[in-house]
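This report looks at how a protein chain surrounds its ligand, and then at the chain as a whole.

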Amino acid sequence: MRKKNDIRSLSLDELTFFFLKNKYPAYRAKQVYEWLWKKSCYSFNEMTNISIELRELLKNEFVINNIKVDKFQKSKDGTIKNAIKLYDNLIVESVLIPSENRITACVSSQVGCSLDCEFCATSKMDRIRNLNSDEIYDQVVAINSQSLNFHGRPLSNIVFMGMGEPLLNYSNILDGIEKITSDQGLGMSPKRITVSTSGISKMIKKMADDNVKFNLAISLHSAIESTRNKIMPFTKKFPLQELKDAVSYWYDKTKKIITYEYIVWKGINDDDEHLDALIKFCKISPSKVNIIEYNKTDNSIYNSASRDNINKYIKKLEKNKIPVTVRKSRGKDIDAACGQLANKIK
Ligand code: SAH
């Protein structure tokens with residue numbers, strides 16, 4: 001049997017071309033496009049404003065490769081972790097994180113991850129494949145409907161902090177965000193979207209060149225090369241100097257502030273030398289620091305720094321006029337917190 005194409009891999013122009021070729025008017029393509037993107041329709045039968053004959057033509061030519069929420073788990077703090085099944089039966093996880101004034105979706109960019117951050121559970125999985133732009137968009141749509149169901153309001157923010165390294169799947173992330181922000185999609189503001197990278201310098205420069213409108217967060221965790229190489233071994237191929245250059249480049253082009261994600265670990269980076277290096281790094285361009293509470297993963301040799309040492313970080317950053325926030329873990333009881341996504345849903 002001939003393999004059918006996923007209709008959602010077609011742009012509106014391509015879809016219009018298909019309709020005209022089959023002697024249907026162009027506005028039909030627009031209607032179908034709306035069903036696919038604005039209304040997140042998963043079956044041609046649901047497209048009630050187009051004729052049965054046209055629906056049959058579409059069914060013969062195309063499939064709609066939708067994702068499914070296979071299972072979900074709810075934490076006692078309201079966080080929901082979803083196991084999302086892709087068309088080829090692979091699973092990724094996406095998380096809904098409600099708080100008083102925002103509802104955030106944490107979405108995945110790859111099935112598994114090719115990086116080797118020692119402290120992260122996802123890094124213990126192999127990278128199996130990149131998510132395509134539809135799968136990225138669909139995760140957001142699925143979590144948005146959960147947000148509406150459980151909280152009566154839509155998502156307010158999206159962070160690409162789930163499984164995978166977004167900047168190693170750059171063009172699909174960009175296309176996915178394009179759909180999330182476009183009027184045909186969810187019409188969300190790019191200012192409410194943050195892409196988090198472990199620091200792929202070349203791609204940070206590319207993002208600056210592309211003049212992207214969403215926010216950038218960098219998982220720094222140490223501004224001292226030897227420590228960074230130890231906790232994130234892949235960074236041996238991504239020197240800190242290149243990251244510094246990329247950060248300056250980003251600011252020159254976009255004038256956007258960068259968030260540095262930073263975990264403070266006992267005996268790894270909780271001393272003054274690391275703190276001073278971080279402060280120096282933060283002065284390259286306007287930035288803020290998000291101190292992330294460490295979530296211990298299976299067999300981890302890492303331990304969170306003491307309260308006192310974390311407070312020392314906060315005080316000295318503030319003294320240097322660098323805004324600092326502390327991100328409390330959410331959904332820890334269901335392994336939904338940062339760095340815990342490893343397809344272990346029960
Ligand atoms: N690959 C991207 C996005 C995924 S990780 C990146 O590295 O930024 C999202 C955030 O969770 C990163 O800042 C990452 O360093 C952090 N993280 C990973 N493991 C963690 C853990 N065990 N506890 C707390 N944060 C963790």
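## Polar contacts of the ligand

In this predicted model, an N or O atom in the side chain of S219 is 2.6 Å from an oxygen atom of the ligand, a polar contact being a pair of N or O atoms within 3.5 Å. Taken alone, the ligand exposes 540 Å², of which the protein buries 96% (accessible areas come from the Shrake-Rupley method with a 1.4 Å probe).

A polar side-chain atom of S196 also lies 2.6 Å from an oxygen atom of the ligand, while a polar backbone atom of G164 is 3.0 Å from a ligand nitrogen atom.

## Surroundings of the ligand

The ligand is surrounded by 22 residues (those with a heavy atom within 4 Å of it), and the closest are F119, S196, S219, H221 and N295. By class, this shell holds nine nonpolar, ten polar and three charged residues, with Gly counted among the polar ones.

## The chain as a whole

The protein chain has ten helices and 14 strands, which are DSSP runs of at least four residues (H or I) and at least two (E), respectively. Its radius of gyration, taken over C-alpha atoms, is 22 Å, close to the 20 Å that the globule rule gives for 346 residues, so the chain is as compact as a globular protein of that length; the rule is 2.2 Å times the number of residues to the power 0.38. Along the principal axes, the C-alpha atoms fill a box of roughly 70 × 45 × 40 Å.

## Basis of the values

Residues are numbered from 1 along each chain as its sequence is written, and side-chain values use heavy atoms, with hydrogens and water left out. Because the model is predicted, local features need pLDDT of at least 70 and side-chain atom pairs count only at pLDDT 80 or more, whereas totals for chains, interfaces and linings use all residues.

How values were computed:
Polar contact = N/O pair within 3.5 Å; in protein donor to acceptor, adjacent residues only side chain to side chain.
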